[in-house]
There are 2 protein chains.
Amino acid sequence: MPGLGPNEEQAEALIAERLNRLRMRLAEEGCPNALITGSENRRYFSGFKAGDPMLTESSGALLITPDKQYLLTDSRYTLAAGKEAPLFEVLETQRGLAETLAGKELFKGGLWFEAPYLTMEVFGQIKYRLKNTVFKNLPFSLNRFREVKTPGEVALIQKALFIAEAAVDALRNSLEPGWTEEQAAILLERVFREKGASGPAFETIVASGPQAALPHAEPGPRIISEGELVVVDCGSKLEGYASDITRTLAVGQVLPWQKEIYRIVRAAQLKALACLSAGKTGAQVDKAARDHIAENGYGRFFGHSLGHGVGLAVHEGPSLSPANLEPLAAGAVVTVEPGIYLPGRGGVRLEQMALVTEDGCRVLNADDNFYDF
Amino acid sequence: MPGLGPNEEQAEALIAERLNRLRMRLAEEGCPNALITGSENRRYFSGFKAGDPMLTESSGALLITPDKQYLLTDSRYTLAAGKEAPLFEVLETQRGLAETLAGKELFKGGLWFEAPYLTMEVFGQIKYRLKNTVFKNLPFSLNRFREVKTPGEVALIQKALFIAEAAVDALRNSLEPGWTEEQAAILLERVFREKGASGPAFETIVASGPQAALPHAEPGPRIISEGELVVVDCGSKLEGYASDITRTLAVGQVLPWQKEIYRIVRAAQLKALACLSAGKTGAQVDKAARDHIAENGYGRFFGHSLGHGVGLAVHEGPSLSPANLEPLAAGAVVTVEPGIYLPGRGGVRLEQMALVTEDGCRVLNADDNFYDF
């Protein structure tokens with residue numbers, strides 16, 4: 001086995017620490033063995049990167065027993081898995097996960113699983129093959145382990161965010177009437193790559209004119225015209241970590257109704273950021289923005305939640321939504337993205353990312369003071 | 001409701017025809033109502049595009065009852081859903097799928113579901129909310145409906161393939177020692193966008209030198225050197241349809257061992273294409289290539305299956321693998337991609353796409369006669 005460089009040693013220590021925290025929690029809950037099938041959790045606890053997020057089929061699972069950890073994956077990934085997850089024994093799943101689990105005497109006392117990331121099909125196969133095993137849904141979400149970031153993780157997220165922000169800046173400087181939405185998306189993603197990102201973290205949104213009233217519009221061949229708003233929502237991915245930014249650009253002269261909703265959305269965002277702090281609930285922060293929009297008469301035009309955590313997944317905990325009544329923890333990284341969407345006319349959404357701290361928050365964007373018009 | 005243009009009318013007729021086929025099959029099997037949660041199946045049977053494949057959370061489901069069809073999605077997608085799926089009644093899932101299903105008297109006599117695309121978590125919620133409903137795993141895969149393509153679908157796949165092929169050609173003409181793998185990937189994806197693709201269908205693979213021995217390597221900062229092989233595996237996406245192509249490029253002088261495995265892989269591919277026809281099984285076609293590689297002494301260095309279907313999903317049925325003992329149907333579109341991977345040294349993979357016909361197959365690539373070295 002080749003010697004490890006300092007970065008690899010650090011990476012191993014990080015994984016060892018995460019496994020340690022996980023095992024302590026599993027022991028507390030009385031969990032004998034855990035099967036990890038969520039792709040971000042698999043990466044977080046093992047370092048195993050492989051598995052294209054665009055492919056719908058699974059590319060592996062972790063099995064955590066009290067004294068050993070296994071990575072089960074198919075032949076496409078076994079070589080990479082050996083490199084990326086040196087603390088794990090790699091098992092090749094030639095005939096599927098269930099078969100490999102059944103073929104080895106790997107665990108005793110039962111197997112607990114991740115219900116959000118295990119399909120009825122795979123569970124059915126496992127249950128059929130492991131007739132004497134007691135199965136249980138893990139009573140806590142492994143995603144929660146990922147919510148509080150280390151400084152190293154925050155640095156990666158911020159680096160990915162700076163790249164996305166630079167791309168939006170480049171677009172702002174180039175965009176003119178006559179461009180298509182697709183052209184704008186190409187420019188953004190070219191900057192991502194040029195600046196070292198591995199690619200987009202999600203499908204880039206460029207929504208112009210009435211399309212801007214669709215919170216998740218796909219960029220199309222639509223030509224952007226003078227006097228329209230363009231909602232640009234994009235994020236790059238860097239070493240597995242995502243970023244997420246939204247700006248609403250105006251092309252040409254800005255109409256009074258556009259200016260009005262822009263100002264309301266930006267003020268709502270600033271109110272939410274002023275409210276954001278460890279100890280506050282996601283619902284409280286959401287309410288700070290939502291109340292401002294409602295007070296200005298646009299309450300029914302803000303249909304989504306205010307924000308979400310970002311990390312290895314572009315959407316993860318904690319959620320800034322009316323439904324999240326739990327206090328936020330320091331170290332979480334969240335988006336703050338209010339919007340107003342007027343069907344048939346257009347919309348505005350503005351999104352910053354922030355690190356939750358003990359006494360407030362730290363905006364991670366390079367530009368914390370923007371105002372596009 | 002606005003009038004429909006001729007393309008929209010065609011699209012509606014296509015969806016109506018698919019729903020008709022689906023309902024006939026559901027009736028045959030005695031299925032009272034079906035819940036469709038697979039994202040490609042959702043799109044295939046409704047036209048609903050929304051839902052970023054890079055986001056892990058679900059963005060909706062279809063409910064097919066004997067006389068009506070519903071599309072359940074959250075507020076991010078309801079406007080788009082109304083446009084894209086005019087044959088469906090759109091229901092906004094404010095508190096999740098289970099809650100919306102339970103809140104309406106939509107179906108009687110039970111609910112059958114897609115086990116491969118329903119998580120244990122969502123099923124648990126649905127079962128909890130719908131206490132008097134009888135649930136059953138659909139006894140056939142809805143994916144099978146997508147295997148045989150219409151001429152319109154083949155045309156889209158081929159258009160996406162020509163774009164990917166043009167990108168590989170552009171790379172072949174530019175690639176020089178000193179380039180990084182990432183640079184090569186950037187070039188490929190720039191061509192995708194310039195030629196009108198919506199983006200890559202999966203994470204572009206550029207694997208050079210010893211990395212080429214990893215069938216699913218991520219492109220990295222590795223510098224490509226004189227005398228190395230570079231496996232380039234990429235595909236663009238166009239109107240939802242994927243393409244998939246692999247070429248192995250040589251940089252500079254080609255060494256005898258490289259030429260040897262290249263020739264074996266290409267010959268194996270041609271043997272498989274000569275064998276490919278409706279009525280043959282996936283296993284027979286796989287064997288045609290595998291036997292050739294084994295006869296030349298490299299059997300243990302070809303660890304994956306020969307190919308897979310391509311359509312709305314980049315990996316779908318039918319599979320060209322030793323496990324597929326079913327006869328192939330005319331109208332399926334498959335990849336034929338044998339490889340030889342020598343750990344520590346490098347590898348070769350070559351991939352064409354072909355339409356299965358009654359009396360053979362039609363290669364869909366523009367270049368059916370390539371030989372890179």
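These are my notes on one strand of chain B and on the side of chain B that touches chain A.

**Entry 1: the model.** I am working from a predicted model.

**Entry 2: burial of strand 9.** I looked up strand 9 of chain B, which covers residues 229–234. I asked how many of its six residues are buried. The count is six of six, and I noted the strand as mostly covered.

I then went through the two faces of strand 9 of chain B, and both are covered. On one side I found Leu229(B), Val231(B) and Asp233(B), all buried. On the other side I found Val230(B), Val232(B) and Cys234(B), also buried.

**Entry 3: partners of strand 9.** Which strands pair with strand 9 of chain B? I found strand 8 of chain B, residues 205–208, paired with strand 9 in the antiparallel sense over four bridges. Within this pairing, Val231(B) has Ala207(B) opposite.

I also found strand 12 of chain B, residues 245–250, which pairs with strand 9 in the antiparallel sense over six bridges. Here I noted Thr246(B) as the bridge partner of Asp233(B). Asp233(B) is one of the buried residues from my second entry.

**Entry 4: the side towards chain A.** I looked up the contacts between the chains: 42 residues of chain B are in contact with 41 residues of chain A. Helix 3 (78–84), helix 5 (120–129) and helix 7 (181–194) of chain B each supply at least two residues of the touching side. Which helix of chain B gives the most? Helix 5 does, with four residues.

Last, I sorted the residues on this side of chain B by type: 23 are nonpolar, ten polar and nine charged.

Methods. Residues numbered from 1 in each chain as written. Chains lettered and ligands numbered in written order. Predicted model: local features only at pLDDT ≥ 70, side-chain atom pairs only at ≥ 80, totals over all residues. Buried ≥ 20, exposed ≤ 12 C-beta atoms within 10 Å, placed from the backbone. Pairing = 2+ DSSP bridges. Contact = placed C-beta atoms within 7 Å. Nonpolar A, V, L, I, M, F, W, Y, C, P; charged D, E, K, R; others polar.
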